[in-house]
Amino acid sequence: MNKYSLSPSNTAQKILKYWHIMGRVQPREGGRLYCNAYIELTSLLFLAYIAFRFFAARRFPDRKNKYFGICLALGLFEIMISLVPCLLQNRMTWLLGILIGEVHFISQILLAAGLFNYTLLMNGLLHRHARLCIAIQIAVAALLALAIASNAFNGWLFFYDSGMNYSHGFYRWLYFIPYAAYMIVASVISIARRRHMSIMRFMTVPLYCIFAASCILVEILFPDLMLAGFVFSVALMVIYLNIQNPGNELDPLTKAYSRDIFSLFIDELHDQGKSYPIIYANIVGTSSFNKTIGESKCNELIKKTCERLCALSPWNLVFRYTGDSFVMIVRDVQHLKEMEERLIRDVSGESLAVAGSSIMVQLRMFCIQASEAKAPSETINRTIELAIKRLHSFKPNTITTLDKSYIINSQHAVEVEDALKRAIETNSVEIFLQPVIDSDTRRIVSAEALARINDRKLGMIPPGTFIPIAEETGMISSLTLQVVNRVCMFLKSIPFDCHRRLKWVSINLSISDCMSRSQVEKICNIISSYGISPRKIAFEVTETMATISKGLSENLLILASKGFALALDDFGTEYANIDSALRFPFSLAKLDKSVIHISASGDKMKILTNMVGIFSDMHLDTVAEGIDSQSVMDIAKAAGVRYMQGFFFSKPLPVNVFINSLIQNREQEAAQ
């Protein structure tokens with residue numbers, strides 16, 4: 001024992017003597033303090049390089065990056081602590097060795113817990129609702145810290161003999177149990193959540209855990225090798241390479257943060273129960289700038305505008321929301337009014353020098369207050385999209401504060417979107433059938449299939465609510481396929497006599513349905529699989545859709561060639577262009593209710609009569625929609641319209657009720 005060393009306490013000496021006698025511990029010649037210096041030093045240098053790259057780059061200040069920074073700092077600290085005895089060498093004392101050893105093991109436990117919590121965070125499970133999980137971790141870490149601190153008195157983990165030789169404690173294997181628990185649970189979580197992550201993110205934690213388990217096994221078999229620092233450095237490197245990707249955080253043109261990061265940060269704030277004011281700013285007239293000054297100069301204008309927004313406050317977070325618009329999260333809430341004044345004074349309405357030209361920048365802006373911004377990203381993005389639709393009514397160079405109705409409407413839209421997703425995923429979209437009546441016999445001759453969603457939370461949702469959302473989110477194609485499937489099931493279920501009397505069932509097609517060749521093929525395959533005659537199906541397309549695209553035209557012609565009827569829907573709502581009826585083999589024209597309602601006067605009645613006559617000459621049947629009274633029905637009938645549809649005859653009916661109506665019609669005909 002060197003002269004600077006202190007002797008172990010009497011209790012420690014007794015423990016040492018007992019354990020040496022029992023043969024449970026074999027001190028290592030030269031001590032543990034020097035045999036792994038090269039491994040630890042290499043790990044330290046490697047980790048220091050990662051830390052330099054991480055902290056030197058511009059990182060978004062979310063919890064993911066903050067948490068990784070903490071883990072990185074803990075890893076550096078753990079390795080440096082393990083290297084301290086190597087630097088002290090002969091000046092090492094028993095008390096200092098015990099103290100350094102305990103700090104070393106405690107930092108290892110904290111780092112292992114930190115990496116586990118990072119796994120929870122990247123899987124979206126580390127939030128305020130996971131308090132029980134966090135409390136359990138804190139309790140376990142506290143117990144382990146107390147157990148490690150007690151090592152000075154019982155030597156269960158490690159101890160020094162009188163010659164200052166380091167030795168493992170007999171119960172040191174217990175120390176690996178928390179590591180095993182962390183690795184097993186982290187791997188199970190990552191596997192269970194694999195569908196929510198990319199393949200690289202999914203493989204990160206299991207690969208690290210396999211590597212760590214291998215190193216722990218090596219260390220158990222060869223006690224002289226201390227590989228903890230090496231394990232942590234490799235784990236942090238894997239996380240850095242696979243998760244820390246600053247390129248995904250920044251917009252390449254403006255170097256503002258990206259829209260995806262905005263949504264993730266809003267969700268993070270919502271999980272924490274926090275919110276900040278959000279200001280949306282749109283540059284007025286960028287489409288004109290593109291045409292007049294060119295795309296490159298317009299991009300420079302957008303870039304300089306972003307620079308001015310970023311310069312308003314170092315605390316604000318600026319995101320590029322669309323090509324010519326930005327959102328700004330104001331974290332300095334106390335100076336919100338002052339910041340808004342600076343935004344109007346220094347950015348909006350000011351000139352910018354772009355390629356030798358002076359361009360006046362005008363912004364249309366609105367603000368979502370912090371109290372209203374306390375919502376998930378889906379709601380906030382929906383609120384912004386709703387406000388953008390009314391952006392033209394906002395006065396430039398002023399900031400309009402959105403009222404609570406925007407948030408309420410947005411939240412309802414998100415709920416409807418969730419209900420639509422559930423209905424499509426569970427194949428629970430229903431159809432209601434609105435009868436089409438023969439005005440001469442007052443009998444049902446056909447029907448229009450209308451989608452309905454009966455959600456367990458929201459109840460029956462009308463199509464006017466969920467159809468626009470289905471079109472915006474791209475779920476309209478899946479919705480159409482389910483409607484087609486339901487119509488086929490209905491046609492197969494009705495009695496033969498009713499099936500024969502029913503001329504057609506019409507199905508509405510969206511523009512995305514008509515534009516996609518694969519969607520048209522799927523529709524045809526579904527109908528063919530049920531053995532339904534194409535003559536029993538009519539596809540309704542609006543007047544506007546029939547004139548907008550060559551691809552759409554080709555797909556409509558394919559449907560017509562297979563024998564399906566085509567119906568020109570909502571005729572008269574646009575320009576009432578007869579050419580749209582001539583360009584395709586339509587067999588049915590549905591007159592919008594507005595056309596019937598404005599035909600009450602004599603002159604307009606002649607126009608309606610002539611229109612119906614033209615369709616008759618073209619061998620097109622006409623259906624008058626929106627018949628809601630006897631007088632309107634009389635107008636349509638006087639103009640020569642035979643088929644009618646509207647609430648005056650019947651509202652849309654559930655399938656079973658509609659079938660009963662068909663059966664009643666058949667019985668009435670038989671009785672006559």
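Arg-345 is partly exposed, with 47% relative accessible area. This residue belongs to a predicted model, in which a search of the whole structure finds 15 salt bridges. The points below cover several of those salt bridges, two nonpolar cores, a nonpolar surface patch and the surroundings of Gln-434.

**Salt bridge between Arg-345 and Asp-346**

- Arg-345 is paired with Asp-346 in a salt bridge, and the closest N and O atoms are 3.3 Å apart.
- Asp-346 has a relative accessibility of 30%, so this residue counts as partly exposed.

**Salt-bridge network around Glu-472**

- Glu-472 and Arg-382 form a salt bridge through their side chains, at 2.9 Å from N to O. This pair links distant parts of the chain, since Glu-472 is in helix α17 (residues 463-473) and Arg-382 is in helix α15 (residues 377-389), 90 residues apart.
- Glu-472 is partly exposed at 49% relative accessible area, whereas Arg-382 is buried at 11%.
- Glu-472 also meets the side chain of Lys-389 in a salt bridge, with an N to O distance of 3.1 Å. Because Lys-389 lies in helix α15 and Glu-472 in helix α17, the pair ties together parts that are 83 residues apart in sequence.
- Lys-389 has a relative accessibility of 53% and counts as exposed.
- A network of salt bridges links Arg-382, Lys-389 and Glu-472 with Glu-417 and Lys-421.

**Nonpolar cores**

- In soluble globular proteins, nonpolar side chains tend to be buried together.
- The largest nonpolar core in this model contains 77 residues, and Phe-490 and Phe-539 have the most contacts inside it. Helix α18 (residues 476-493) gives the most to this core, contributing nine residues.
- Leaving out residues up to four places away in sequence, Phe-539 touches Ile-507, Leu-509, Ile-523, Ile-527, Leu-559, Phe-564, Ala-565, Leu-566 and Ala-567.
- Another core, of 52 residues, lies apart from the largest one; Cys-71, Leu-72, Tyr-182 and Ile-189 are among its members.

**Nonpolar surface patch**

- Phe-170, Tyr-171, Trp-173, Leu-174 and Ile-177 make a nonpolar surface patch of about 490 Å².
- Within this patch, Trp-173 is placed in the loop between β2 (166-168) and α8 (176-192).
- Trp-173 is exposed, and its relative accessible area is 51%.

**Surroundings of Gln-434**

- Gln-434 is part of strand β10 (residues 430-438).
- With a relative accessible area of 8%, Gln-434 is buried.
- The side chains of Gln-434 and Gln-645 make a polar contact at 3.1 Å.
- Not counting residues up to four places away in sequence, Gln-434 touches Ser-446, Ala-447, Glu-448 and Leu-450, along with Gln-645, Gly-646, Phe-647, Ser-650, Lys-651 and Pro-652.

Definitions and conventions: Residues numbered from 1 in each chain as written. Predicted model: local features only at pLDDT ≥ 70, side-chain atom pairs only at ≥ 80, totals over all residues. Heavy atoms only, no water. Salt bridge = Lys/Arg side-chain N within 4 Å of Asp/Glu carboxyl O. Buried < 20%, exposed > 50% of the residue type's maximum accessible area, 1.4 Å probe, protein only. Helix = DSSP H or I, 4+ residues; strand = E, 2+ residues; numbered from the N terminus. Core = buried A, V, L, I, M, F, W, Y, C linked by side-chain atoms within 4.5 Å. Contact = heavy atoms within 4.5 Å. Patch = residues over 30% accessible without salt bridge, like charges linked within 9 Å, V, L, I, M, F, W, Y side chains within 5 Å. Areas by Shrake-Rupley, 256 points an atom, 1.4 Å probe, with all protein chains shown as cover. Polar contact = N/O pair within 3.5 Å; in protein donor to acceptor, adjacent residues only side chain to side chain.
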